[in-house]
Amino acid sequence: MSREPILRLEGVSKYFGEFTALDSINLEIDEGEFLTIVGPSGSGKTTLIRILVGIEELSNGKIWLWNDRIEAIPANRRPTCMVFQSLALFPHKSVGENIEFPLKLRKQRPENRKARAFELLDLLQLPQSFYQKRINECSGGERQRVALARALAFDPEILFFDEPLSALDFRLRKNLEKELKDLHRRTGKTFVYITHSLEEAMVMSDRIAIMRSGRFEQIAVADEIYARPISRFVAEFMGEVNLFSVKGDDSGNPVGTEIDIQTGGATLDSGMGLVRGALATLMVRPEAVNFLVDDGTADFVVEGVLKAEYALGSRTQYKVKADNGDELAVEKLREDRFFGKVGDRVRLGWNAASAHMITGD
Amino acid sequence: MKMSRSARIALTLYGVLAIFFLYLPIISVGFASVSKARYLTFPIKRYATKWYGKAIESSTVQDLLWTSLSVALLVTVISMVVGFFGALAFARYQWRFRGVFQKLILLPIFFPQAVLGLALLLWFNALGIIPSWKTAVVAHLVWISPIATLIIAIRAYGFDPSLEEAARDMGASTWTVMKEITGPLLWPGVVSAGLFAFLLSWGNFPLSLFTTGADSTLPEWLYAKMVSGYSPLVPSVGILSIVTSIVLLLFGVIVMWLIRARSETLSAR
Amino acid sequence: MERQDQRIGLLSALPMGVVLLISFLAPMLVIAVFSVMPQKVFSLLHIPDFSSYKLVFTQGYIKSVLWSFGMAMASTVVLFVICWPLAFGMAKVFKGFGIFITIAVVVTLFVSENIRLFGWVLTLMKGGLIEGHLRAWTGLTFEGVLYNTPVIVFGLVYAYFPFMLFPLIQGIAMVPDDARQAAADLGATRRQIFFEVDLPLSAPGIVIGSLLSFVLAAGAMAESKLLGGQTVIVIADEIETAFTYGQNWPLGSALSIILILVIGALSIFGINRVNLDLIMGGRRT
């Protein structure tokens, strides 16, 4: 990366008594990118964003905004701004007063403030009549937009988001995710977003950072995280995925240590190869697994019994109990669904190209 | 909550009965205050308002009113200020001694007020302060400012700390956060705490008993007359004191209502 | 924020802290020191002895202590029984009517306790509101019901009614409706629901309410004086007498200390058992 990062973290740690919430974090954020930090609750993502905003203090480490060290500067003197999980809209102020609040703090003239507020209402596709509305008269989605408008009125160097969509219902959330991505493109600002939903992150982000117990497990573009997770943890985070413990055999092919995985005899390409005796995890997504009929074959083959079938709308999911092993999930589009009965013996197969070898834990 | 109709009716009647009992003695005092006879017996034969006239003309009663009013007003103002900050320390900020502070505040409420008053008397004596209505203010504060704190704390619990964080994040100083966010949001709580403070101070007797020195508040005088040297003025002065409370209460409610209406029109403009 | 919280928290607590220090903790200390002064002195500059405490235990003051605590206990039990149904109604059943009752009860708090107790004297005395009207209308009569112990307990129940009622309402409001419904759905009887669900879940309210009414009743004086005549001398009365007619400050202090110790111990025990943040409606613990 030749360009200078807008924000740089070096060895940022946070301790709450004995508990280590953040364990020496390093991170560089580029100007104009949409970075999403994803992690389960307790992974330290909320602590991290609160430290980045300046609401919470770090125990150790350094933070640069461009060339300035900012870790000792309190929130009210940092040129960054956050959209809170609760949105933190002031209930005693109108929509317009909320949006103008940061401008009022900067002692801007009322007419300039008002003009800017109307611009922002337009940008966020809220009618101008909202200027006078009370916060409690706004719907959930409208409040999101007001909170965004207020944050944009602040005109921050970096805009932080602390899971602002988590309280909304599914459909509204999906719409706002896309709107947020569009807004990012239109404003060209740097967005840093935290969420516990990798799906949400996938929709919006340029890069995703996966957090686990106070550290980054993997930082990469969305596609990379999806296709080549670095660890079981990351792989499982994305939702349903088949993971097998494997071990390299004499020819370097992976052999299941629990489930009997046949590798069809041929030596697999080098990407799948393992050192003899090395342990690893083989990952394959449910949609990459096929039902093999007649004497069809694949790079990897597993035999078992069809246990259950679930209609997921556009797709159908199958659970197959492998012989002497765990269940596997298989997903097919509705039009490609498998016509078998529960209790039937089935053969499953997938190719090396759609599998991924995880060497981390 | 689902409940059978008869149970609901029974419960409602029970509530009505409870209120009736709570007000029965006040009704008796009301009747007594308009009895013409010097020595009261029920049923009242002739009604007169002469005791009210006498009470209002009496310079003693005027002094009493004035003393009670001074004490109550001072207690109110101080309790509002102390309670506002106390409530923030009680409910809002996570600081090291918060737990101790919360418990310490509750202790005076649990203590027998007469004993608190006596202890204060000894303390003033040890300090060489001669008790007067001003020392009674201190006495009232021990009991009333914790209550004011609790009332405001209920309000302080109700608001989201991220409101303050958001304001701060957007560049507000500690003072601006107080002025723009914390203050306006807690204001209704502060007003009702003030109302409570005034009314509790106005009606308080056990704390005043030992701490007013040569001065005397209304409840003190009433008690003295009830226990010894009955005066036919007692019922009418009692009712006057109650009426003052009610007028003030109504006034307070109207003020609260105006505050709410104003904040609504402000943001609806 | 946490360092900020520490600083602002401490600063905000300061005014209250000053009030409590100069008008609560310091006087408590003074009274404690006075209680170990020799008899009938009026300054703290004497050689300490325990003569006051000796007097307390030899001169029958213990009887007053027992009377006070006994009547406080009785009134607390009665209060719990009569307040529970009403508190339940107000927390779970009534809507507008509940607000009406709340306001009506709070308003009585603003009327000086003396006036209300005096009102009871007028109501209950021979020739009072009840007996007078009864005789005028029916010719029946009865002796006044004043000047005995039950009427003192009645007075205590009356005076401290709000102090039991409101904490109970808070406590019962903390019992989730679906917990009661689930218990009923699982086949619990009304009795079982009360003992297995209502009682344990509303415990914080019960603890605070009982504690408040007990403690206030134990230190009360006006009820026994106005309604009870001189049938029973309660501890607070003894304390007052020691300070005023008796002119024996150390004795009064020693009696106060005994009352304070019992009440203080009970209060601290009770306050420690409840989560204040929760009962006050806070979301954080």
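Modeller: One term first. A helix axis here is a line fitted to the C-alpha atoms of the stretch in contact, and angles run from 0 to 180 degrees between N-to-C directions. Also, keep in mind that this is a predicted model.

Colleague: Fine. Use it, then. At what angle do α10 and α13 of chain C cross?

Modeller: Roughly 170°. The axes of α10 (residues 203-218) and α13 (residues 249-273) of chain C come within 10 Å.

Colleague: Are α10(C) and α13(C) roughly parallel or roughly antiparallel?

Modeller: Roughly antiparallel. Angles over 145 degrees count as that, so the crossing angle settles it.

Colleague: Which residues of α10(C) meet α13(C)?

Modeller: From α10(C), they are C:Val207, C:Leu211, C:Phe214, C:Val215 and C:Ala218. On the α13(C) side, the partners are C:Leu259, C:Ile263, C:Leu266, C:Ser267, C:Gly270 and C:Ile271.

Colleague: How many residues of that contact are charged, and how many nonpolar?

Modeller: No charged ones in the contact of α10(C) with α13(C). Nine are nonpolar and two are polar.

Colleague: Zoom out. How many helices and strands does chain C have?

Modeller: Chain C has 14 helices and zero strands. Its C-alpha trace spans about 75 × 70 × 30 Å along the principal axes.

Colleague: And chain B: how many helices, how many strands?

Modeller: Chain B has 11 helices, with zero strands. Read from the N terminus, chain B is α after α throughout. The C-alpha atoms of chain B fill a box of roughly 70 × 65 × 40 Å, again along the principal axes.

Colleague: Now put those two together. How many residues of chain B and chain C are in contact?

Modeller: 96 from chain B and 97 from chain C. Between them, chain B and chain C bury about 8700 Å². Carbon and sulfur atoms carry 78% of that area.

Colleague: How many salt bridges between chain B and chain C?

Modeller: Zero salt bridges between chain B and chain C. There are nine residue pairs in polar contact across that interface, counting pairs with both residues at pLDDT 80 or more.

Colleague: Which helix gives the largest share of chain B's side?

Modeller: Helix α1 (residues 5-33) of chain B, with 18 residues of the side that touches chain C. By class, that side of chain B has 72 nonpolar, 16 polar and eight charged residues.

Colleague: Switching topic to chain A. How many of its residues are in contact with chain B?

Modeller: 27 residues of chain A, in contact with 22 of chain B. The two chains, A and B, bury about 2000 Å² between them, 61% of it on carbon and sulfur atoms.

Colleague: Why quote an area at all?

Modeller: Because the size of an interface is often given as the accessible area lost when the parts come together.

Colleague: OK. How many salt bridges link chain A and chain B?

Modeller: Three across the interface of chain A and chain B. One of them pairs A:Arg50 with B:Glu165. Their closest N and O atoms are 2.8 Å apart. Nine residue pairs between chain A and chain B are in polar contact, both residues being at pLDDT 80 or more.

Colleague: Which elements of chain A each supply at least two residues to that side?

Modeller: α1 (45-53), β6 (80-83), α2 (95-105) and α4 (140-154) of chain A. The largest share comes from α2(A), with five residues.

Colleague: And how many on that side are nonpolar, polar or charged?

Modeller: The side of chain A that touches chain B has 14 nonpolar, six polar and seven charged residues.

Technical notes: Residues are numbered from 1 along each chain as its sequence is written. Chains are lettered from A and ligands numbered from 1 in the order in which they are written. This is a predicted model: local features need pLDDT of at least 70, side-chain atom pairs count only at pLDDT 80 or more; totals for chains, interfaces and linings use all residues. Side-chain values use heavy atoms; hydrogens and water are left out. Contact means heavy atoms within 4.5 Å. Buried area is the accessible area (1.4 Å probe) that two parts lose on being put together, summed over both. A salt bridge is a side-chain nitrogen of Lys or Arg within 4 Å of a carboxyl oxygen of Asp or Glu. A polar contact is a pair of N or O atoms within 3.5 Å; within protein, one must be able to donate a hydrogen and the other to accept it, and residues adjacent in sequence count only if both atoms are side-chain atoms. Helices (H or I, at least four residues) and strands (E, at least two) are DSSP runs, numbered from the N terminus. Ala, Val, Leu, Ile, Met, Phe, Trp, Tyr, Cys and Pro count as nonpolar, Asp, Glu, Lys and Arg as charged, and the others, Gly among them, as polar. Angles under 35 degrees count as roughly parallel, over 145 as roughly antiparallel, 65 to 115 as roughly perpendicular and the rest as oblique.
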